[in-house]
Amino acid sequence: MAEETQKPEAAAAAAPADEVVVEKPEVTEKEPPPPAPEPEPEPEAPEKPAAAVVEEKEAEVEAVEVKKPKVVKKETKITQSVSFKEETNIVGELPESQKKALEELKQLIQEALNKHEFTAPPPSPTPPPKQEEKPVAEEKKEEEKKEEKEEEKPAAETSEEPKVETEGKSEASEKVETEEKSEASEKVETETPAPVEVKEEEKTPPPAEAPTETVVVTEVVEKVTAVDDDGAKTVEAIEESVVAVSAPPPAEKQEEEASASKEAETAPPSEEPKEAEVPPPPPEEVSIWGIPLLADERSDVILLKFLRARDFKVKDAFTMIKNTARWRKEFGIEGLLDEELGHELEKVVFMHGFDKEGHPVCYNVYGEFQNKELYQNAFADEEKRSKFLRWRIQFLEKSIRKLDFSPSGICTIVQVNDLKNSPGPGKKELRQATNQALNLLQDNYPEFVAKQVFINVPWWYRAFNMMISPFLTQRTKSKFVFAGPAKSAETLFRYIAPEQVPVQYGGLSREGEQEFTVADAVTEVTIKPSTKHTVEFPITEKCNLVWELRVVGWDVNYGAEFVPSAEDGYTVIVSKTRKVTTADEAVISDSFKTGDPGKVVLTVDNQTSKKKKLLYRSKTKPYSD
């Protein structure tokens with residue numbers, strides 16, 4: 001705050017008059033009352049009033065600047081408070097806004113399941129132009145019909161002889177049309193046709209002309225018959241021309257309707273009844289990680305993951321779910337679970353133990369890729385990188401299937417990333433595979449990481465993280481923990497109990513049959529520099545005492561002895577005092593059998609100038625001669 005207030009003061013000292021003018025609109029915008037423009041004439045006064053005005057303006061600016069960082073602080077507090085620990089998957093405990101978002105998302109999913117949108121391919125942009133093409137095609141057909149009709153009329157006008165006949169008889173035909181309509185039918189039955197005129201008209205056009213001329217002949221016949229009252233042939237010609245040009249008579253309409261109904265009965269009925277008879281398909285069933293999207297409380301837990309990944313924006317979360325469902329189908333997740341992809345990468349990624357809150361812990365050991373053969377087998381070409389990606393997704397899927405998706409269960413994982421001897425960003429193939437895997441995990445596995453712990457972090461990774469940090473959300477950054485080589489074990493112990501941490505990372509958990517298990521708790525002690533620390537195990541009965549201990553980083557002196565309770569007893573040296581380094585052994589396991597009461601005393605002498613972390617545990621077994 002001091003820095004922010006000093007900046008306007010320094011600026012005011014440099015150019016007081018300018019600042020008065022510039023800062024006025026900022027104050028007047030936030031304070032619209034009329035007194036704002038009043039200070040304008042004050043700069044005309046001597047320097048003293050101007051300084052007073054500057055001071056007033058500075059005070060106002062300070063008040064505004066003081067408020068701004070307060071708002072920022074409130075925002076940061078909110079983002080930091082929304083951590084994984086404080087979130088709940090119990091719907092009844094959610095805020096009202098989140099409950100509403102969850103219900104809206106369920107409705108969208110139900111509608112999509114009813115329409116089979118999850119299995120259907122995504123809509124393509126082609127349908128809109130297709131809809132526009134249909135009316136265009138119909139318009140073209142109508143235009144073609146009109147053009148054909150217009151072509152027929154001028155074709156009749158091209159022949160000169162028909163023109164003369166029609167022009168001479170057009171006036172008479174108009175007068176007789178009304179009178180001869182009623183008599184046309186009777187003459188068809190009694191009178192014979194007059195072939196003379198028809199023959200003359202048939203002779204006039206050349207026989208080898210185009211079929212359009214035949215149409216002209218029929219039209220001419222129509223006009224002649226209207227005047228000369230020809231017989232049945234001319235009437236038939238009239239009927240044919242009417243069919244080609246105008247609407248058919250009622251009798252023909254009935255015939256056409258009957259034929260159309262027959263055609264409709266032959267082809268279309270086969271489809272329409274089926275659509276009417278077949279009921280709509282049932283809603284599709286879509287499951288993710290073995291849990292249906294809309295089933296029970298476990299489904300709500302999954303939907304909340306997608307909502308949190310999209311800041312409870314319902315439409316964005318719905319789109320993410322649809323994309324995830326389609327990707328899982330395309331990638332073949334269900335079949336991937338049963339594939340045999342080898343065991344070469346078991347030391348690269350493995351699950352081991354749980355953290356203090358019950359989350360399973362996954363270890364990613366990048367230093368294993370220093371093995372050139374392993375590196376080539378995993379990233380040499382695109383095919384091998386694809387196989388590595390499938391193996392990584394398969395491993396994650398199997399781990400997720402073991403989670404508890406009940407509202408009060410554990411449905412997230414703690415990731416421990418060991419960067420010791422990591423190949424670094426210089427390895428192009430590893431970088432490509434890592435980026436590809438990260439993109440898939442971010443898009444299709446939301447909110448599955450409770451904590452990201454990076455240990456044995458080299459200097460270059462810290463610089464890299466500082467560059468990408470501005471692009472990460474506060475929620476994501478709150479899950480990141482970084483520790484250098486000297487603090488790696490201590491950092492792990494903050495989140496994971498030592499009995500759950502593998503030996504190679506400073507803990508006491510070892511593979512195979514051991515005297516102790518994860519159920520046997522470990523005691524942690526910090527030994528100050530240049531001090532000795534003793535551990536006593538009392539013995540009250542005949543037994544076999546077993547213990548194990550380690551000092552993270554060792555470089556201390558260790559010894560053990562038995563001190564009997566009897567005054568006349570003598571001390572027994574169990575383990576002679578010796579210096580232990582990290583190269584000697586990771587864990588010291590020892591035991592002592594006795595039938596006398598007393599105590600076993602362990603001594604750890606830290607002669608270095610650094611603090612040391614001591615871990616130990618013990619138990620007794622029955623002892624018989």
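Before I give a surface figure, let me say that accessible areas here come from the Shrake-Rupley method with a 1.4 Å probe. On that basis the protein chain of this predicted model exposes about 39100 Å², and carbon and sulfur atoms supply 53% of that area.

Let me stay with the chain as a whole for a moment. There are 625 residues, of which 35% are buried, and the secondary structure comes to 20 helices and 15 strands. If we take the contacts with a separation of 6 or more, 75% of them are between residues 24 or more positions apart.

Now to the interior. The largest nonpolar core has 56 residues, and the ones with the most contacts inside it are L105, I109, F118, F369, F405 and Y445. Two or more residues each are given to this core by α4 (96–114), α12 (297–309), α13 (314–331), α14 (333–336), α15 (372–379), α16 (382–401) and α17 (428–444), with α13 giving the most, at 8 residues.

Why does this core lie between two domains? Domain 1, covering 95–117 + 284–331, and domain 2, covering 336–496, both give residues to the core, so the core lies between them.

I would like to pick out F118 from that list, since its surroundings can be followed on the structure. Leaving aside residues up to four places away in sequence, F118 touches I109, A112 and L113, and also E284, V286, L293, F318, I321, K322, A325 and R326. Apart from the largest core there is another one, made of 23 residues, which include F537, L545, F562 and F592.

Let me turn from the cores to a pocket, the second largest in the model, which holds about 840 Å³ of space. Its lining consists of 27 residues, and those nearest the centre of the pocket are P485, A486, A489, V552 and G553. Among the elements, α20 (488–495), β10 (543–552) and β15 (612–622) each supply at least two residues of that lining, and the largest share, 3 residues, comes from α20.

What, then, do the buried residues of α20 pack against? The buried positions in this helix are S488, A489, T491, L492 and F493, and the buried residues of α20 pack against β5 (413–418), β6 (449–455), β7 (480–482), β8 (523–527), β10 and β15. A489 therefore comes up twice on this tour, being buried in α20 under the cut-off of 20% relative accessible area and also being one of the lining residues nearest the centre of the second largest pocket.

Conventions: Residues are numbered from 1 along each chain as its sequence is written. This is a predicted model: local features need pLDDT of at least 70, side-chain atom pairs count only at pLDDT 80 or more; totals for chains, interfaces and linings use all residues. Side-chain values use heavy atoms; hydrogens and water are left out. Helices (H or I, at least four residues) and strands (E, at least two) are DSSP runs, numbered from the N terminus. Buried means under 20% relative accessible area, exposed over 50%, partly exposed in between (1.4 Å probe, protein chains only). Contact means heavy atoms within 4.5 Å. A nonpolar core is a set of buried Ala, Val, Leu, Ile, Met, Phe, Trp, Tyr and Cys residues joined through side-chain atoms within 4.5 Å. Domain bounds come from an automatic or database domain assignment. On a 1 Å grid over the protein atoms alone, a cavity is a set of points where a 1.4 Å probe fits but cannot get out, and a pocket is an open set with protein on both sides within 12 Å along at least five of seven lines; lining residues have an atom within 4 Å of a point. Grid points are joined across faces, edges and corners, and a volume is the space filled by probe spheres set on the points.
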